[in-house]
Number of protein chains: 2
Amino acid sequence: MTQMQKAIKGITTKEICEVAEYENYDPEWIRNEVACGRIVIPKNINHLNFNIRGIGNGLKTKINANIGTSPKHCNPDEELKKLQTAIKYGADSVMDLSTAGDIDRILKSIIDNSSVMVGTVPVYNVMTQLIRKNKELSDMKPDDLFLEIEKQAKMGVDFMTLHCGVTQTSISFLENDERVLGIVSRGGSFIKSWMLATGSENPLYEQYDRVLDICEKYDVTISLGDGLRPGACNDATDRAQVAELLILGELVEKAHKRGVQVMVEGPGHVPLDQIEINIKLMKKICNNAPFYVLGPLVTDIAPGYDHIVGAIGGAIAAAHGADFLCYVTPAEHLCLPTIDDVREGVISSKIAAHCGDFVKNVKGARNTDYNMSHARRELNWENMFKYAIEPELPRTRKQLSESARENYCSMCGFLCAIKIDRGLL
Amino acid sequence: MTQMQKAIKGITTKEICEVAEYENYDPEWIRNEVACGRIVIPKNINHLNFNIRGIGNGLKTKINANIGTSPKHCNPDEELKKLQTAIKYGADSVMDLSTAGDIDRILKSIIDNSSVMVGTVPVYNVMTQLIRKNKELSDMKPDDLFLEIEKQAKMGVDFMTLHCGVTQTSISFLENDERVLGIVSRGGSFIKSWMLATGSENPLYEQYDRVLDICEKYDVTISLGDGLRPGACNDATDRAQVAELLILGELVEKAHKRGVQVMVEGPGHVPLDQIEINIKLMKKICNNAPFYVLGPLVTDIAPGYDHIVGAIGGAIAAAHGADFLCYVTPAEHLCLPTIDDVREGVISSKIAAHCGDFVKNVKGARNTDYNMSHARRELNWENMFKYAIEPELPRTRKQLSESARENYCSMCGFLCAIKIDRGLL
């Protein structure tokens with residue numbers, strides 16, 4: 001049985017207890033939220049020994065780091081280092097998006113070495129294998145998709161992005177709405193081009209029950225992909241995006257009826273003033289399923305600094321109810337992220353998640369800010385480092401500054417506002 | 001006559017024309033906004049040969065970079081390099097906050113070398129001179145303040161932070177409201193401790209007409225400092241902060257009646273969901289004077305990464321009507337910023353300003369995003385660099401990647417969503 005099926009039956013699983021303890025909630029409350037589909041606990045029955053986390057209503061906003069090889073940069077050991085870096089700086093999950101090398105083996109080593117949940121996008125391997133066999137993308141057989149999903153489910157993948165909402169209906173709305181950037185989802189563009197070439201409906205939609213069968217069997221949490229998400233602020237919240245969302249809402253309901261855990265993915269590139277409506281619309285349409293957003297990026301024009309742009313959008317999204325943020329690294333739009341990019345991306349995303357948690361008043365979030373501010377008042381640097389979201393860098397900077405041995409910093413020197421205010425000058 | 005006095009008389013100055021051309025507005029519209037005090041054009045009559053910029057309603061959100069020596073790090077040449085770095089990456093103004101070395105000489109060299117407007121906080125030099133003379137801060141004579149303001153006005157400073165709103169009335173609200181971090185403004189803590197020690201009213205408030213006399217004479221734009229701004233999210237939007245704002249509102253009106261240009265400074269540390277109300281309250285209370293915010297920082301717990309925290313707050317503030325953002329660098333709360341910090345701070349702040357301008361639909365802002373997205377669709381990398389907020393880093397990263405000579409990037413390799421969507425695979 002899935003976590004959701006057990007929760008519906010009134011069973012408080014040990015996973016529910018682990019989530020309840022981590023989040024400082026009563027297990028019974030968590031159980032009810034899982035039963036209603038407002039919280040998911042991604043944990044494949046074949047994935048053992050990792051830190052169980054819940055995603056959804058009332059919980060700390062979680063963050064995901066994407067790693068994995070690409071045809072232009074394939075170094076599996078480096079991806080394992082990225083895994084460790086992501087975990088060290090606070091990622092709650094990683095997604096292995098490998099599209100080069102021995103993909104099954106890379107995924108297995110990531111699952112084996114990860115202390116956090118692992119997600120994938122199975123269609124990537126399907127595409128990769130087609131290319132390797134010198135086939136056209138349109139040569140894909142629907143069974144290729146389901147076999148790959150089942151293979152990865154068996155391997156222990158905890159959640160999978162599946163682009164089930166790219167349908168003849170949703171893509172029809174692309175025709176009469178002008179996008180500057182078309183489709184920017186790899187899975188979405190692949191499914192759409194296969195549909196156009198074959199004239200067929202998306203197998204992940206048409207045979208959604210097969211998806212549910214597999215995900216039920218292994219308790220894989222479905223992450224309903226937004227294949228038509230906007231890739232430009234100009235394209236945000238257009239009819240195609242919303243049409244796909246409506247279909248995702250139907251698919252959430254079908255999954256919930258089967259007791260299959262499901263979350264919904266969201267954009268993408270979204271101007272700052274459209275984030276709140278996107279989240280509220282999604283939550284309403286999708287029965288309050290957990291919302292997993294990529295960024296969002298509130299401007300298109302900062303390549304090299306998209307971790308900052310993503311932190312702006314992610315903080316606003318989290319504050320308005322997004323539950324799960326996919327990180328964006330400084331490499332976005334430019335190249336495969338390096339290990340340093342992974343670190344920067346995770347820290348930026350953690351900042352965004354925390355700023356949201358402060359507003360949502362997630363348990364404990366405000367205490368940390370209070371404790372930090374109190375430490376500042378006391379000029380207590382050890383406590384400042386203790387409460388910092390990332391303590392290494394601030395400690396190093398203080399130590400390397402001319403005020404290393406002072407209780408004030410080198411910005412104001414002894415003309416420190418706190419010292420003046422406290423009469424300590 | 002000041003820019004405002006001339007504007008009220010119907011004179012369209014060459015400075016108004018320069019602003020109108022830069023912002024792509026009709027000069028007559030700018031003149032009217034200056035006359036009403038909704039736009040300021042900081043330009044001291046003694047400061048020649050720099051790029052004139054307007055700040056306020058309808059205009060591009062401007063950004064300021066703080067530079068200057070500190071008692072723990074005094075290297076005037078380095079500050080000049082910071083000046084050039086700030087300008088190179090897009091700062092619209094710099095503030096010289098020097099508190100060490102030959103302060104007058106440093107300020108003069110910054111004014112002489114700056115192609116952007118220059119601001120100061122005159123009370124810093126007053127404090128520094130007291131300390132140098134082995135005096136107590138309470139030994140300050142009101143004339144010390146006015147002499148310093150006049151000296152700097154004569155030198156050509158375009159705008160000055162003056163903490164006129166720290167009054168017996170506003171500080172009285174500190175007593176019955178619990179702050180974790182007290183006062184974090186250097187000027188504010190100094191004025192307050194002087195008032196407590198002497199039992200006197202703040203001279204900048206009591207003799208505000210003297211302030212206006214000097215600022216009128218040299219057309220110095222007053223930047224009404226928020227000496228009681230919160231330095232912790234816990235302390236945001238408390239009674240003391242709002243009490244000071246009410247006084248600043250009265251002082252804005254007095255300045256406007258004299259035809260003296262004025263803007264208002266705002267916090268500080270503010271949770272994400274309090275930014276909008278802070279800006280709307282300020283605009284209402286202060287006759288829609290331009291609003292200059294420091295950050296705001298939406299969490300206290302990310303020392304080392306406060307440029308990211310400031311970008312989150314700054315973007316939201318700009319979107320809701322803030323006109324001028326003071327940058328926050330990665331060194332905030334830790335040490336005096338380095339040249340690298342200045343670069344990071346300016347770029348982060350520019351990103352925030354642009355995200356706000358996109359929402360405010362400032363002239364031209366959305367075109368850049370559109371053009372960037374169009375370049376992405378065309379896989380036209382030269383145009384991507386052309387429309388980037390900072391082109392050096394993205395160009396370098398692309399050139400150093402394994403896809404340096406490809407029209408796709410090394411993240412997806414040939415499995416590029418755009419290529420698939422356009423049938424180019």
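## Exercises on a predicted two-chain model

Arg38(A) has a relative accessible area of 25% and is therefore partly exposed. The exercises below concern a predicted model, and the opening one starts from this residue.

**Exercise 1. Identify the salt-bridge partner of Arg38(A) and state whether that partner is buried or exposed.**

Step 1. The side chain of Arg38(A) meets that of Glu33(A) in a salt bridge, with 2.7 Å from N to O. Side chains of opposite charge can pair when their charged atoms come close.

Step 2. The relative accessible area of Glu33(A) is 4%. Buried means under 20%, so Glu33(A) is buried.

Step 3. The setting of the partner can now be described. Glu33(A) is one of the buried residues of helix α3 (residues 27-36) of chain A, alongside Ile30(A), Arg31(A), Val34(A) and Ala35(A). These buried residues of α3(A) pack against α1 (3-8), α2 (14-23) and β1 (39-40) of chain A.

Step 4. Just after the helix α3(A) comes Gly37(A), which takes a positive phi of about 80°.

**Exercise 2. Determine how the salt bridge between Asp112(A) and Lys108(A) is placed with respect to the helix α5 of chain A.**

Step 1. In this salt bridge, the closest N and O atoms of Asp112(A) and Lys108(A) are 2.7 Å apart.

Step 2. Both residues belong to helix α5 (residues 103-113) of chain A; because they are four residues apart, about one helical turn separates them. An α-helix has 3.6 residues a turn, so residues three or four places apart point the same way.

Step 3. The accessibilities are then compared with the cut-offs. Exposed means over 50%, so Asp112(A), at 52%, counts as exposed. Lys108(A), at 47%, counts as partly exposed.

Step 4. Elsewhere in chain A, salt bridges that share partners join Asp209(A), Asp213(A), Glu216(A) and Arg258(A) into one network.

**Exercise 3. Compare the surroundings of Thr69(B) and Tyr22(B), and state for each whether it is buried or exposed.**

Step 1. Thr69(B) is located in the loop between β3 (62-67) and α4 (76-88) of chain B, whereas Tyr22(B) is part of helix α2 (residues 14-23) of chain B.

Step 2. With a relative accessibility of 1%, Thr69(B) counts as buried. Tyr22(B) has 34% and is therefore partly exposed.

Step 3. Residues up to four places away in sequence being set aside, the contacts of Thr69(B) include Cys74(B), Pro76(B), Leu97(B), Thr99(B) and Ile106(B). On the corresponding basis, Tyr22(B) is in contact with Arg53(B), Lys60(B), Lys62(B) and Asp92(B).

**Exercise 4. Describe the interface of chain A and chain B by its area, its contacts and its composition.**

Step 1. The contact involves 95 residues of chain A and 95 residues of chain B. About 8200 Å² is buried between the two chains, and carbon and sulfur atoms give 69% of this area. In chain A, the residues that lose the most area to chain B are Lys72(A), Ile301(A) and Tyr305(A), together 10% of what that side buries.

Step 2. Polar contacts link 30 residue pairs between chain A and chain B. On the side of chain A that touches chain B, the elements giving two or more residues include α6 (123-132), α9 (186-198) and α15 (339-360) of chain A. The largest share of that side, nine residues, comes from α15(A). By class, the side consists of 54 nonpolar, 24 polar and 17 charged residues.

Step 3. Six salt bridges are found across the interface of chain A and chain B. In one pair that joins the chains, Glu406(B) and Lys72(A) have their closest N and O atoms 2.7 Å apart. This pair runs from the loop between α18 (392-400) and α19 (417-421) of chain B to the loop between β3 (62-67) and α4 (76-88) of chain A. Glu406(B), at 27% relative accessibility, counts as partly exposed, and Lys72(A), with 24%, is also partly exposed. Asp421(A) forms a further salt bridge with Lys192(B), the closest N and O atoms being 3.2 Å apart.

**Exercise 5. State which symmetry operation relates chain A to chain B.**

Step 1. Chain A is superposed on chain B by a rotation of 180° with 0.0 Å of shift along its axis, at an RMSD of 0.0 Å. The two copies are thus related as by a two-fold rotation axis.

Step 2. Ile312(A) is the residue of chain A that comes closest to the rotation axis, with its C-alpha at 2.2 Å.

Step 3. Of the interface residues of chain A, 100% are also interface residues in chain B, so the copies meet through the same surface.

Note on methods: Residues are numbered from 1 along each chain as its sequence is written. Chains are lettered from A and ligands numbered from 1 in the order in which they are written. This is a predicted model: local features need pLDDT of at least 70, side-chain atom pairs count only at pLDDT 80 or more; totals for chains, interfaces and linings use all residues. Side-chain values use heavy atoms; hydrogens and water are left out. Buried means under 20% relative accessible area, exposed over 50%, partly exposed in between (1.4 Å probe, protein chains only). Contact means heavy atoms within 4.5 Å. Buried area is the accessible area (1.4 Å probe) that two parts lose on being put together, summed over both. A salt bridge is a side-chain nitrogen of Lys or Arg within 4 Å of a carboxyl oxygen of Asp or Glu. A polar contact is a pair of N or O atoms within 3.5 Å; within protein, one must be able to donate a hydrogen and the other to accept it, and residues adjacent in sequence count only if both atoms are side-chain atoms. Ala, Val, Leu, Ile, Met, Phe, Trp, Tyr, Cys and Pro count as nonpolar, Asp, Glu, Lys and Arg as charged, and the others, Gly among them, as polar. Copies are superposed by least squares on the C-alpha atoms of residues with pLDDT of at least 70 in both.
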